[in-house]
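Let's take a friendly walk through the aromatic contacts of a predicted model. Please have the viewer open and the side chains switched on.

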Amino acid sequence: MKMTTSKPRAAIYSFLMYFLVIAELGLLSGYRFMFPVPGGANGSAIGLLGLASKNPVYDLAQIGREIGWNFVTSSVIVILAVLAYVFWLGFHRNWGGGGVIAIMNIVPLIGLTNVGNNNVFNFFWCFGTSHILPAMSIFGLQIPADPNNRTGQVAFVCAFFLLTIVAWIAGTRYRNWYAEKYEFDLSVPLS
């Protein structure tokens, strides 16, 4: 059975693919991007937090110059690829994979429920948003001025969640248009 016709299979494969993308950006790149160790093996004051400690007011050009564009570019590519994938799942009317992707996009908010518990915050929020955090820097949302006020970041996460739903609905609508124009029932005799 194809992945596009099996909802459980699409859900499992979508979870695994998306989790591995988040893990790659979160564990390899995102951890260095968010939690630099000043004076450590990864250099002094690198990453967004290191940049903020040197100069609290900075712009996207400074991020690109001092950190590099690879994180931002990778994040934007991941966002576009996720939306295209969910559109494709919508085209095949497979809510299993699309639902899993949408849920995985909203789950990081669990990390904000108890900021005092660093394990929950680090895993759900920091690693859960590591694939979209660099894209947040385009809008200046990577580090809130007040650590207890993450309204802009939450709005970005919710917007990405809603965009995945819109992409899935757009895929189903496109499929309906495609079916009307190009598909026909072979069991009905042509006259």
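Phe87 has a relative accessible area of 31%, which means that this residue is partly exposed, since the class runs between 20% and 50%. Tyr174 falls into the partly exposed class as well, because its relative accessible area is 36%.

How do these two rings meet? A pair of aromatic rings is described by the distance of the centres and the angle of the planes. Counting ring centres within 6.5 Å as a pair, the model holds 8 aromatic pairs. In one of them, Phe87 and Tyr174 lie 6.0 Å apart, centre to centre, with 40° between the planes, a tilted arrangement. This contact links distant parts of the chain, as 87 residues separate its two members. Phe87 belongs to helix α4 (residues 70–91), while Tyr174 belongs to helix α8 (residues 151–182).

Now stay with Tyr174 and look at its partner Tyr178. Their ring centres are 6.4 Å apart and their planes meet at 35°, so this pair is tilted. Here both residues sit in helix α8, 4 residues apart, which is about one turn of the helix. Tyr178 is partly exposed, with a relative accessible area of 29%.

Stepping back, you can follow ring pairs through a cluster made of Phe87, Phe91, Tyr174, Trp177 and Tyr178. One more contact is worth a look at Phe91: the charged end of Arg175 sits over the ring of Phe91, 4.9 Å from the ring centre.

Methods:
Residues numbered from 1 in each chain as written. Predicted model: local features only at pLDDT ≥ 70, side-chain atom pairs only at ≥ 80, totals over all residues. Heavy atoms only, no water. Phe/Tyr/Trp six-rings, centres within 6.5 Å; stacked < 30°, edge-to-face > 60°. Buried < 20%, exposed > 50% of the residue type's maximum accessible area, 1.4 Å probe, protein only. Lys NZ or Arg CZ within 6 Å of the ring centre and 35° of its normal.
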